[in-house]
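Here is a quick look at a sheet and a couple of backbone oddities. Have the viewer open and follow along.

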Amino acid sequence: ISHHAIILCCCYFLPLISFWLVFNVMRVMMVTTTRQHVSCSSYCPLLVLLLLSLIAAPTNADLLSYTSLTSYWSALNGPSWTNSFGWGGASYSSANVYCSWRGILCSGEKVIELRTDSITGISGTLHPAIGNLTDIKILRLSTTQISGTLPRTICNLVNLEILDLSWGKYEGSLPDCNWPNLKTINIDYTYIYHFEGFSMTPNLTSITAKVQIKSGNPPHNATSFPLTL
């Protein structure tokens with residue numbers, strides 16, 4: 001069992017356990033106050049701390065984002081990254097811990113932008129767990145050594161507005177995903193040689209696609225390159 005799975009199992013019931021603890025402490029305190037006439041000042045600070053721990057307890061969505069991002073990091077040779085503040089060194093110690101990692105922009109606990117930024121040493125293939133980050137609006141995974149075909153789970157990013165994979169070693173085809181908000185695609189200088197279609201991207205207005213033909217790949221679809229919308 002991976003350590004991400006262990007973290008997920010351990011934290012899954014944390015909000016319920018916290019609620020149960022606060023409830024029982026309140027019940028005991030109320031009984032004690034009634035019987036012994038103890039003032040609130042004797043136990044209120046403890047009660048406030050317990051309530052704050054309940055509020056700060058991580059949500060399942062928050063934990064899923066953390067495990068998905070660490071899977072992404074591991075699949076892309078994360079230990080070899082440089083200039084990668086936060087990645088690989090932060091355990092799941094608090095909610096939204098990943099929001100301070102380089103290349104991530106959050107709104108609350110939601111990851112809305114993921115980019116390679118100035119991180120170097122990124123190589124490997126995209127992990128399917130990237131599809132769990134369904135709130136992403138901007139995905140800029142450009143100028144890297146990321147290779148292989150895109151996982152089908154990328155279609156789960158239903159809020160995507162900008163997809164930039166330029167100057168990477170991606171190959172194969174770009175799937176026809178349900179991306180109703182997608183406006184821009186950039187696959188310049190990749191080995192992606194085919195679009196499956198754009199039936200579910202009604203707002204797409206810009207595609208940049210100077211494709212490289214890799215030895216052994218079938219020739220690209222001549223009706224797709226160059227493509228003007």
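## The sheet

In this predicted model, six strands line up as an open sheet in the order E1-E2-E4-E6-E8-E10, and the pairing is mixed. At the edges sit strand E1 (104-107) and strand E10 (206-208), each of which pairs on one side only. Ignoring direction, neighbouring strands here are turned by 10° against each other on average.

As a reminder, strands in a sheet pair through backbone hydrogen bonds, and they can do so parallel or antiparallel.

## Zooming in on E6 and E8

Which way do strands E6 and E8 run relative to each other, parallel or antiparallel? They run parallel, with three bridges joining E6 (residues 162-164) to E8 (residues 184-186). If you want a pair to click on, try Ile-162: its bridge partner in E8 is Thr-184.

## Two positive phi values

Most residues other than glycine have a negative phi. Two loop residues go the other way, and both are worth a look in your viewer.

Take Asn-83 to begin with: its phi is near 55°, a positive value although the residue is not glycine. Asn-83 belongs to the loop between helix H4 (60-75) and E1. Its relative accessible area is 41%, so Asn-83 counts as partly exposed.

Then there is Asp-117, also not a glycine, with a positive phi near 55°. You will find Asp-117 in the loop that lies between strand E2 (110-115) and strand E3 (123-124). Buried or exposed, or partly exposed? With a relative accessibility of 40%, Asp-117 is partly exposed.

Methods. Residues are numbered from 1 along each chain as its sequence is written. This is a predicted model: local features need pLDDT of at least 70, side-chain atom pairs count only at pLDDT 80 or more; totals for chains, interfaces and linings use all residues. Side-chain values use heavy atoms; hydrogens and water are left out. Two strands pair if DSSP finds at least two bridges between them. Helices (H or I, at least four residues) and strands (E, at least two) are DSSP runs, numbered from the N terminus. Axes are lines fitted to C-alpha atoms, for helices over the stretch in contact, and angles run from 0 to 180 degrees between N-to-C directions. Buried means under 20% relative accessible area, exposed over 50%, partly exposed in between (1.4 Å probe, protein chains only).
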